[in-house]
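User: Hi! I have a new model open and could use some help reading it. Can we go through it together?
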Amino acid sequence: MRRAYSVETVRAAEAALAQRLPEGALMRRAAAGLAVACGDLLRRNGRVYGSRVLLLVGSGDNGGDALYAGARLARRGAGVRALLLAPDRVHPGGLAALVAAGGHVVDGPDGLGVLDLVVDGITGIGGRGGLREDATELLHTVTRDRTPVLAVDLPSGVEADTGEVHGEAVRADATVTFGTYKPGLLIDPAAEHAGALRLVDIGLGPELPEPPDLEALQYADVAALLPVPGGESDKYRRGVVGVVAGSERYPGAAVLAVAGALRGGAGAVRYVGPGADAVIARHPEALVHAGPPSRAGRVQAWVVGPGLGEGRDAEGAVADVLAADVPVLVDADGLRLLDAETVRTRSAPTVLTPHAGEAAALLGTAREDVEAGRLAAVRELAARYRATVLLKGSTTLVAEARDTPVRVNPTGTAYLATAGSGDVLSGLTGSLLAAGLAPRDAASVGAYLHGLAARHGSDGAPLSAQDVADAIPAAWRDVRAG
């Protein structure tokens, strides 16, 4: 599992560890790992010996890491130049090490020629706001030939704690971070600036508290959560999920939500709504009912909202489902029709799955604000509605009302940006709720499998929501196989 901590927590952990180590040992550990990563990147595009490396060096420890790493590269035969953006506040030990190893300080970008690597050591995890204008111009100049950029700890100009980007920021091909991940490396829009991530272990682990601020499940974590039927399983032990979806205008939403539930391992799916004929035509194993949901039969969880439309019948269906004493997932039209106080006072768990526009409507803010501050938005939604919230988007986040780490899904892909894929996710997550997974786990595993299925289904080509649903079993097998 990838775990991320706030700047304040990281600094406290570094301070505690540094007290037990010789002076400068922590920076030397970081620089050693950074130099290895730089060397790997240089070898991928040629070689280390004779390569041309430019260090963009800011003040403080971040610049010091870059300088010490540059010294190691210089000793391996690389031609290393350092451009100091704050000469009066440069790390003195790092600068001395670079010069002693044969590196050079330059006054500006003129005359550097073609570069093989630019190392971004401008600002560290404590930086706030975007890059200054002079740093932005310099960055554009030295990378105009598409020179690879490696960021030190965090791309300069992004917000470490939130993933927000205010103004110009470095777009790195790779980022080497130290001790632990920072939230901004995992959450868009900042994550888009980080490129490939590498974590360098500097011994910080024992100093980091529980729980982290953010976590991202990996294959082993998801495999441990997957519901696996046993010899005594029947359809009720595997989980029966009810799906209230579709309308005359959007019958396909019903088909896709049911497909997601069936592919997600539900023992049975009870469908309620006007799309019964379309559902049975595609999924003859589904159990259909005219409604209301409370009379459809036994379920262990409900999914309500995809393609439900408007009107009194749709509103009544949402209210009926929310009155049930089982977990409920509310998506799409259901989010517009729910009563907030009803959600807050439910005795059983509720999962809300908005995209940015729906989240903005629930919060009474602008979509752009949600997209720019995804972490704050998902936390606010979870607290305001006392629910588990799965905020869909370029990085899907899952948050609870209680004090648990926000989860970020690492399998998202642009191929999910297709009509109906959210309906599949709703059905898939609903099936996991019905199987007995806790709401946070069901939402996290559902998002993980959903993204993995899209990668399987696309194989580099366009795909439909039905393709995503059909690829869920393959994603499931991949996770189980590790």
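Analyst: Happy to! One term first: a residue counts as buried when its relative accessible area is under 20%, and as exposed when that value is over 50%. Also keep in mind that this is a predicted model.

User: Got it. Which residues of strand 6 are buried on each side?
Analyst: Strand 6 covers residues 149-152, with V149 and A151 buried on one side and L150 and V152 buried on the other. Both faces of the strand are therefore covered, going by the cut-off of under 20%. As background, side chains in a regular strand alternate between the two faces of the sheet.

User: Nice. Which residue stands opposite L150?
Analyst: That is V119. Strand 5 (residues 117-121) pairs with strand 6 in the parallel sense, over three bridges. Between the two, the chain passes through helix 5 (residues 133-142), and this β-α-β crossover is right-handed.

User: And what about strand 7?
Analyst: Strand 7 (residues 174-178) runs parallel to strand 6, and three bridges join them. Here V152 stands opposite V176.

User: Let's move on. How many residues of strand 2 are buried?
Analyst: Five of the six residues of strand 2 (residues 52-57) are buried, so this strand is largely enclosed by the rest of the structure. Strand 2 pairs in the parallel sense with strand 3 (residues 79-84) over six bridges, and L55 stands opposite A82 there. Strand 2 also pairs with strand 5, again in the parallel sense, over five bridges. In that pairing, the partner of V57 is G121.

User: What do strand 2, helix 3 and strand 3 make?
Analyst: They make a right-handed β-α-β unit, with helix 3 spanning residues 60-75.

User: I also see a sheet with eleven strands. In what order do they come?
Analyst: The order is 1-9-18-17-16-15-14-13-10-11-12, in an open sheet with mixed pairing. At the edges are strand 1 (2-4) and strand 12 (287-289), each of which pairs on one side only. On average, neighbouring strands of this sheet are turned by 20° against each other, ignoring direction.

User: Can you pick one pair from it?
Analyst: Sure: strand 10 (residues 240-244) and strand 11 (residues 268-272) pair in the parallel sense over five bridges. V244 has V272 as its bridge partner in strand 11.

User: New topic: what lines the largest cavity?
Analyst: The lining is L217, T396, V398, R407, V408, N409, P410, S444 and Y448. By class, that gives five nonpolar, three polar and one charged residues. Strand 18 (406-408) and helix 17 (439-458) each supply at least two of the lining residues.

User: How much space is in there?
Analyst: About 50 Å³. The structure holds one cavity of 30 Å³ or more.

User: Any backbone oddities I should look at? Where are the cis peptide bonds?
Analyst: The bond from E210 to P211 is cis, with omega near -5°, and P211 lies in the loop between strand 8 (196-200) and strand 9 (214-216). The bond from G291 to P292 is cis too, with omega near 5°. You'll find P292 in the loop between strand 12 and strand 13 (301-304).

User: Last one: is R146 buried or exposed?
Analyst: R146 counts as exposed because its relative accessibility is 78%. This residue is in the loop between helix 5 and strand 6, and has a positive phi, near 60°, without being a glycine. A332 also has a positive phi, near 50°, but counts as buried at 16% relative accessibility.

How values were computed:
Residues are numbered from 1 along each chain as its sequence is written. This is a predicted model: local features need pLDDT of at least 70, side-chain atom pairs count only at pLDDT 80 or more; totals for chains, interfaces and linings use all residues. Side-chain values use heavy atoms; hydrogens and water are left out. On a 1 Å grid over the protein atoms alone, a cavity is a set of points where a 1.4 Å probe fits but cannot get out, and a pocket is an open set with protein on both sides within 12 Å along at least five of seven lines; lining residues have an atom within 4 Å of a point. Grid points are joined across faces, edges and corners, and a volume is the space filled by probe spheres set on the points. Helices (H or I, at least four residues) and strands (E, at least two) are DSSP runs, numbered from the N terminus. Ala, Val, Leu, Ile, Met, Phe, Trp, Tyr, Cys and Pro count as nonpolar, Asp, Glu, Lys and Arg as charged, and the others, Gly among them, as polar. Buried means under 20% relative accessible area, exposed over 50%, partly exposed in between (1.4 Å probe, protein chains only). Two strands pair if DSSP finds at least two bridges between them. A crossover is right-handed if, with the strands pointing away from the viewer, the path from the first strand over the helix to the second runs clockwise. Axes are lines fitted to C-alpha atoms, for helices over the stretch in contact, and angles run from 0 to 180 degrees between N-to-C directions.
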